[in-house]
Amino acid sequence: MPDRSFLAWPFFEERHRALAADVGHLSGISVSPTDHADVDATCRRLVRRLAEAGILRHTVPAAYGGASERLDVRTLCLVRETLARFEALADFAFAMQGLGSGAISLFGSEEQRSAYLPAVAQGRKIAAFALSEEAAGSDVAALATKAEPDGTGFVLNGAKTWISNGGIADFYVVFARTGEGPGAKGLSAFIVDADTPGLSVVERIALIAPHPLATLRFEDCRVPRARLLGEPGQGFRIAMATLDVFRPTVGAAALGFARRALDETLTRASTRQLFGGALAELQMVQGKLADMALAIDAAALLVYRAAWAQDAGSERITREAAMAKLHATEAAQAVIDDAVQLHGGLGVVAGHPVERLYREVRALRIYEGASEVQRVVIARQILAAHAKERAQGLP
Ligand SMILES: Cc1cc2nc3c(=O)[nH]c(=O)nc-3n(C[C@H](O)[C@H](O)[C@H](O)COP(=O)(O)OP(=O)(O)OC[C@H]3O[C@@H](n4cnc5c(N)ncnc54)[C@H](O)[C@@H]3O)c2cc1C
C-alpha cells in the first residue's frame with residue numbers, strides 16, 4: 001500500500017483528499033497497465049478515458065468545463081502523482097492537456113478560451129506546447145522561428161523540436177519571434193491548429209520511454225490575429241508563467257514514480273529470502289530504504305509547498321517551482337536507481353516495473369528546464385531578493 005500520510009499535511013483541503021482517493025481508484029481500473037507498442041493510439045485512448053472519468057476537467061478553469069475556478073496546482077500535482085504511480089503514459093496524457101492549453105487558460109481571450117478549453121476537458125482536442133527548437137532548448141531567448149505580420153494575421157516560418165504530442169495534437173501553442181525587442185523581449189505566442197496549411201510534422205522521435213514526440217516545420221504558415229495569445233512581445237512571459245504552474249507538477253510525476261519504486265522495493269525486500277532471512281532484515285538494506293523514504297518525503301514537501309504557494313496567492317512562484325522540480329526529479333532518479341539495485345537481476349529485466357521506472361524518470365531531469373537551469377533560476381531569485389534587501393538597508 002502506498003504511503004498516503006502526506007494527505008494529512010496542511011497544504012491540502014478536504015476536496016484534495018477526496019480527489020486523491022477517487023483518482024487512485026479510477027487509475028487502478030482504467031489506465032493500468034497500458035499497451036506501449038502503439039503510443040499514439042494508447043495516448044489517444046488514455047485522453048478519452050481520462051475525459052470520461054472526469055479527470056481532464058482539472059486541466060481547465062470551471063468557466064470552460066473545468067473542475068475549479070482557476071487551475072489548482074495542488075490538484076494537478078495530486079493527479080499527476082497518482083497517475084504516475086500507475087502508468088507513465090496516463091500521467092503524460094493528463095499533463096499535456098494541461099501544459100498544452102495552460103497558456104490559453106492563463107492568457108487567452110474569452111473567444112480563445114471558449115474555442116479550445118471545453119474541448120480539452122472533454123478530450124475532443126489534444127493539446128501541445130511548442131517552445132523548443134534545435135538551437136534553442138535551455139536558451140529559450142535564442143529561438144528563431146519567425147512570425148511576421150501580414151494583413152490580418154501573422155506568417156510563421158521555422159521549426160520546433162522535442163514537441164510532446166507532436167503528430168497527435170489537434171493544436172499547438174507556438175512561441176515565435178515577432179521582434180518587438182531583442183532576445184526574450186521579442187517573442188509572441190500563437191494558437192496554431194494542427195491542420196493549418198504550412199504546418200507539418202517532419203520527424204517522429206523515439207525515446208527510451210516512448211511517448212509521442214516530434215519535430216514540426218512551419219513554412220509560410222498563416223495564423224489569424226485572433227490566434228495571437230496576449231499582446232505581441234509577451235511570449236516569453238507567457239511561456240515562463242505557464243511553466244511556473246507546471247514545473248511543480250513535473251516534480252509531482254517524479255514523486256509518483258519514486259513512490260511506486262519504493263512500494264515495489266518494500267514488497268521485494270520483505271519477501272526475498274537470502275542468508276537465512278528476508279532481504280529487508282539486512283541493516284545496509286534498511287539504510288537504503290530509509291534514504292529512499294526520506295528523499296520521497298523531502299520531495300513531497302517541496303512539491304506541495306510550491307503547489308500550495310501558487311494556489312494561495314497571485315504572485316509568481318518561480319523559486320519554489322524550480323526547487324520542487326529540481327529536487328523531486330533528482331531524488332526520484334536516485335530512489336529508482338536504489339530500487340533497481342535492491343531488486344538485483346530482476347531490476348534490469350525488460351518490462352519489470354522498476355526497469356520501466358528507471359527509463360521513464362530520466363527525461364524529467366531534462367524537460368521543462370534541465371536541472372542545471374533550475375539551479376540558475378533559484379540562484380538568480382535568491383540573489384535578487386538579497387540585493388533588494390540590501391538596497392532597503394536591511395541587515
Ligand atoms: C521527453 C521530452 C519531452 C519534451 N517535450 C517538450 C515539449 O512538449 N515542448 C517543448 O517546447 N519542449 C519539449 N522538450 C524540450 C526540452 O524542454 C529541452 O530538451 C530542454 O529544455 C533542454 O534543451 P536541449 O535538449 O536543447 O538541451 P541543451 O539546451 O543543449 O542543454 C543540454 C544540457 O546542458 C546543460 N545546461 C543547459 N543550460 C545550462 C546552464 N545554464 N548551466 C549549466 N548547464 C546547462 C544541461 O545539463 C542540459 O541538459 C522535451 C524534451 C524531452 C527530452
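Is I378 buried or exposed? In this predicted model, I378 has a relative accessibility of 12% and therefore counts as buried, the cut-off being under 20%. The residue belongs to helix α10, which spans residues 371-391. Apart from neighbours within four places in sequence, the contacts of I378 are with R319, A322, M323 and L326. These partners can be placed in α8, a helix that covers residues 318-342. With respect to E355, which is 23 residues away along the chain, the C-alpha atom of I378 lies at a separation of 32 Å.

The overall architecture of the chain comprises ten helices and ten strands. Its radius of gyration is 21 Å, close to the 21 Å expected from the globule rule for 395 residues, and the chain is therefore as compact as a globular protein of that length. Along the principal axes, the C-alpha atoms occupy a box of roughly 80 × 60 × 40 Å. Buried residues make up 55% of the 395 residues. Among contacts in the chain with a separation of 6 or more, 73% involve residues 24 or more positions apart. The exposed area of the chain amounts to about 17,100 Å², of which carbon and sulfur atoms supply 55%. The chain carries 43 positive and 45 negative charges, and the mean positions of the two sets are 2 Å apart.

In soluble globular proteins, nonpolar side chains tend to be buried together. In the present model, the largest nonpolar core contains 120 residues, and the members that touch the most others are L156, F175, V192 and Y304. The most residues in this core come from helix α6 (residues 235-271), which contributes 17. The surroundings of V192 include another of these four, L156. Beyond residues up to four places away in sequence, V192 also touches F171, Y172, V174, L199, F218, C221 and V223.

Helix α6 also holds G235, which is buried with a relative accessible area of 1%. Once neighbours within four places in sequence are set aside, G235 is in contact with F175, L187, S188 and A189. One of these partners, F175, is among the core residues that touch the most other members. A209 is 26 residues from G235 in sequence, and the C-alpha atoms of the two are 30 Å apart in space.

A further buried position is R74, in helix α3 (residues 73-86). Its relative accessibility is 6%, and R74 therefore counts as buried under the 20% cut-off. The contacts of R74, leaving out neighbours within four places in sequence, include F11, F12, E13, R15 and H16. They also include Y304, A307, W308 and D311. Of these partners, Y304 is named among the residues with the most contacts to other members of the largest nonpolar core.

The loop between α2 (39-52) and α3 contains A62. With a relative accessibility of 37%, A62 counts as partly exposed. Neighbours within four places in sequence aside, A62 is in contact with A67, S68 and E69. The C-alpha atom of A62 is separated by 40 Å from that of L266, a residue 204 positions away along the chain.

Towards the other end of the numbering, α9 (353-360) is followed by a loop that leads to α10. The buried residues of α9 are V354, E355, L357 and E360, and they pack against α4 (88-107), α6 and α8. Helix α6 is thus a packing partner of α9 as well as the element that gives the most to the largest nonpolar core.

Two non-glycine residues with positive phi were also examined. W162, found in strand β3 (residues 153-164), has a phi of about 65°. E368 has a phi of about 55° and is located in the loop between α9 and α10. At 16% relative accessibility, E368 counts as buried, since this value is under 20%.

Terms used. Residues are numbered from 1 along each chain as its sequence is written. This is a predicted model: local features need pLDDT of at least 70, side-chain atom pairs count only at pLDDT 80 or more; totals for chains, interfaces and linings use all residues. Side-chain values use heavy atoms; hydrogens and water are left out. Helices (H or I, at least four residues) and strands (E, at least two) are DSSP runs, numbered from the N terminus. The radius of gyration is taken over C-alpha atoms; the globule rule is 2.2 Å times the number of residues to the power 0.38. Buried means under 20% relative accessible area, exposed over 50%, partly exposed in between (1.4 Å probe, protein chains only). Contact means heavy atoms within 4.5 Å. Accessible areas come from the Shrake-Rupley method with a 1.4 Å probe; for residues, only the protein chains shown count as cover. Lys and Arg count as positive and Asp and Glu as negative; His and the chain ends are not counted. The place of a charge is taken as NZ of Lys, CZ of Arg, CG of Asp or CD of Glu. A nonpolar core is a set of buried Ala, Val, Leu, Ile, Met, Phe, Trp, Tyr and Cys residues joined through side-chain atoms within 4.5 Å.
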